Amino acid sequence: MPCVRDVLEKAQNLLISKGFSQSEAAFEARFILSFLLKMRPLDVFTISEISPEVSARFLNLVKKRAEGVPTAYLLGETEFFGRPFVVGPGVLIPRPETEILVEKVLETVSQGKILELGVGSGCISITLALEAPKLTLFGVELSSKALEYAKTNRRRYNLEKRVFWIRGNWLRPIKKNRQFKAIVSNPPYIAEKEWPFLEKEVKNYEPREALLAGPYGLHFIAKTLKEAPDYLVPGGYVFLEIGYQQKDGVAALAESLGYRYYFEKDLSGYYRVLVAKLK
């Protein structure tokens, strides 16, 4: 039977040989093995041996990780707001920064209808529905592949009667009826000039259409702010995740369109979320 410490050391050495730091390699190896064993990462040291089948599967996954495949795609799921969500190639991987977006919505709107633009994996709408039982969520997603992941996650949490999605291009499928308390989105916001400098595992594996947003990264942000008044109730809100260098450009847009607004920082100190209210 393979020894856990030996298998972990082999995995870490492989990752380090591909450019991972020692701490990154140790974390990645423990995380992948703990997922296969269905235990917490630190608990892998409580066992001394694993089966040859688990060892082979583990080293195969580590080899793919060393090649740059995102861990979430390898394992087929990732955590968001403390809950697992199914993900895979063709859908954006949820990130911790987006939890701040969800938190701001929950602090501000507790009941009524919310519209999400760019549903992706469904993690935002599903989390809002689970955390606030008086909310009803609607959403639009252009990618049929992403929408399948979202529907899988919706079934997992039995939310078919409170979370509704349609395939389409941003606000186009939604009637101009001022019925939503808020519009929320983690839109594409990467500028074209930033694309060459993105991490390889993002640039090479995650869907380009979920990331890029024109020369300055503001296409979908501007579109949402301009068109939102046709869909929001009086005094309704727009919640948007933004790029770390976009605060000034987004503020100028919100100001010119007559919103009351403020920004929320992420854990790294960057302005990451716009909260805008119709006057």
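Which strands does helix α9 (residues 219-227) lie across, and at about what angle to β7 does it run? Keep that question in mind while you orient the view, remembering that the model on your screen is a predicted one.

**The sheet**

Begin by selecting the strands of the open sheet, of which there are 7, and follow them in the order β5-β4-β3-β6-β7-β9-β8, where the pairing is mixed. At the edges you will find β5 (163-167) and β8 (259-265), each of which pairs on one side only. As you step from one strand to the next, the twist averages 15°.

Now restrict the selection to β7 (residues 232-241) and β9 (residues 271-278), which run antiparallel and are joined by 5 bridges. For a single pair to display, take Tyr237, whose bridge partner in β9 is Lys277.

**The helices on the sheet**

Add helix α5 (residues 96-108), which packs on the sheet and touches β3 (112-117), β6 (180-185), β7, β8 and β9, with a direction that makes about 160° with that of β7. Then add helix α9, which answers the opening question: this helix lies across β3, β6, β7, β8 and β9 and runs at about 170° to β7.

**The annotated loop**

Select next Asn186, Pro187, Pro188 and Tyr189, which the UniProt record, an unreviewed entry, annotates as "binding site". Pro187 lies in the loop between β6 and α8 (200-203), and Tyr189 is found in the loop between β6 and α8 as well.

Is Pro187 buried or exposed? Its relative accessible area is 2%, so Pro187 is buried, and, if residues up to four places away in sequence are not counted, Pro187 touches Trp170, Phe220, Ile221 and Glu241.

Tyr189 also counts as buried, because its relative accessibility is 13%, which falls under the 20% cut-off. Leaving aside neighbours within four places in sequence, the residues in contact with Tyr189 include Glu194, Leu211, Ala213, Gly217, Ile221, Glu241, Ile242, Gly243, Gln246 and Arg272. Show the side chains of Tyr189 and Glu241 together, and you can trace a polar contact of 2.8 Å that joins them. Glu241 is thus a useful residue to keep displayed, since it appears among the contacts of Pro187 and among those of Tyr189.

**The cysteines**

For the last stop, select Cys3 and Cys123: how many disulfides does the structure hold? The number is 0. Cys3 counts as partly exposed, at 30% relative accessibility, whereas Cys123, with a relative accessible area of 7%, is buried.

Notes: Residues numbered from 1 in each chain as written. Predicted model: local features only at pLDDT ≥ 70, side-chain atom pairs only at ≥ 80, totals over all residues. Heavy atoms only, no water. Pairing = 2+ DSSP bridges. Helix = DSSP H or I, 4+ residues; strand = E, 2+ residues; numbered from the N terminus. Axes fitted to C-alpha atoms, helices over the stretch in contact; angles between N-to-C directions. Contact = heavy atoms within 4.5 Å. UniProt positions renumbered as here; feature names shortened; annotations may be inferred. Buried < 20%, exposed > 50% of the residue type's maximum accessible area, 1.4 Å probe, protein only. Polar contact = N/O pair within 3.5 Å; in protein donor to acceptor, adjacent residues only side chain to side chain. Disulfide = S-S within 2.5 Å.
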